[in-house]
Structure formats: structure tokens, C-alpha cells
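Let's take a walk through this model, one stop at a time. Keep the sequence and the 3D view open side by side as you read.

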Amino acid sequence: SQELEQSPRSLIIQEGEDLTINCNSSKTLYGIQWYRQKYGEGGLSFLMLLLKSVEEKSHEKITARLDEKKQQSSLHITASDPSHSGIYLCGAEAQ
């Protein structure tokens, strides 16, 4: 089975700061999804899907990257604001 590990596990930043969350896999990543769960709300909001052929995607202030060779994905938020607070989760597809 595929193991995913996110780092850092928790992060406290000031408004306007940048942040990066990494997702490392024990196996080759053939696709990765990023989700956010807002504090106090149920359910996950889908943020981004990266497939093998797509290495980087951006939406507003959020950029996600997929590096197959390093078996890693990263989620970068530029100039964060309170709407970015919450729990971020990565999910992977492996063969």
C-alpha cells in the first residue's frame, strides 16, 4: 500500500506570509489531489488535481507541483489570508 506523509504537520503563520506544504510518497506518484477542510466545517473542498503529465498548476494564490522522481508533491500559498486557514490533505493515485 502507498504511504503518504505530509510536512510540516502543523503550521502557524502571519497573514501575508507564504507557506509550503509537502506530501511525500513511499511509491511513485501517478496523480495527486489536494484538499482543504475549513475549521468548524464538515467535508473536504477539492483544490487541485495533478496527473503524471502535469507538473504544476496554479489557481489564484495556490500553486501545486508534482515531482514524480522525488515522489513528492508540494502546495504553495503566496501571501496567505484568513481564508486559507484550515486542514490540508493530499491524496495519491498509484499503480
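Start at E60, which sits in the loop between strand 5 (56-59) and strand 6 (62-67). Keep in mind as you look around that this is a predicted model. The backbone at E60 is worth a glance: phi is positive there, about 55 degrees, even though the residue is not a glycine. Is E60 buried or exposed? Its relative accessibility comes to 74%, and the cut-off for exposed is over 50%, so E60 counts as exposed.

A79 has a positive phi too, at about 50 degrees, and it isn't a glycine either. You'll find A79 in the loop between strand 7 and strand 8. With a relative accessibility of 29%, A79 counts as partly exposed.

Stay in that loop for a moment, since S80 also lies between strand 7 (72-77) and strand 8. S80 has just 6% relative accessibility; buried means under 20%, so S80 falls in the buried class. What does S80 touch, once residues up to four places away in sequence are set aside? The list runs I13, Q14, E15, G16, E17 and L19.

Now go to D18, in the loop between strand 1 (4-7) and strand 2. Leaving out residues up to four places away in sequence, D18 touches H76, I77, T78 and A79. One of those partners, A79, is the residue with the positive phi, and the side chain of D18 reaches the backbone nitrogen of A79 at 2.7 Å. For a sense of the separation along the chain, take D18 and L75: they are 57 residues apart in sequence, while their C-alpha atoms are 11 Å apart in space. D18 has a relative accessibility of 43%, which puts it between the cut-offs of 20% and 50%, so D18 counts as partly exposed.

The loop that holds D18 has another feature to look at. P8 is found in the loop between strand 1 and strand 2, and the peptide bond joining S7 and P8 is cis, with omega at about -5 degrees.

Next, the disulfide. How many does the model have? The count comes to 1, formed by C23 and C90 with their sulfur atoms 2.0 Å apart. This pair ties together distant parts of the chain: C23 belongs to strand 2 (residues 19-25) and C90 to strand 8 (residues 87-93), with their positions 67 residues apart in sequence. The torsion about the S-S bond of C23 and C90 is about 70 degrees, so the disulfide is right-handed. Both C23 and C90 are buried.

Finish with the empty space. Rolling a probe the size of a water molecule over the atoms shows where such space is left. The largest pocket has a volume of about 490 Å³. Its lining is made up of 21 residues, and the closest to the pocket's centre are L11, Y39, H84, G86 and Y88. Strand 2 and strand 8 come up again here, each supplying at least two residues of that lining. What is the lining of the largest pocket like chemically: how many residues are nonpolar, polar and charged? They divide into 11 nonpolar, 7 polar and 3 charged.

Notes: Residues numbered from 1 in each chain as written. Predicted model: local features only at pLDDT ≥ 70, side-chain atom pairs only at ≥ 80, totals over all residues. Heavy atoms only, no water. Disulfide = S-S within 2.5 Å. Helix = DSSP H or I, 4+ residues; strand = E, 2+ residues; numbered from the N terminus. Buried < 20%, exposed > 50% of the residue type's maximum accessible area, 1.4 Å probe, protein only. Contact = heavy atoms within 4.5 Å. Polar contact = N/O pair within 3.5 Å; in protein donor to acceptor, adjacent residues only side chain to side chain. 1 Å grid on protein atoms, 1.4 Å probe; cavity = no way out; pocket = protein on both sides within 12 Å on 5 of 7 lines; lining within 4 Å. Points joined across faces, edges and corners; volume = space filled by probe spheres on them. Nonpolar A, V, L, I, M, F, W, Y, C, P; charged D, E, K, R; others polar.
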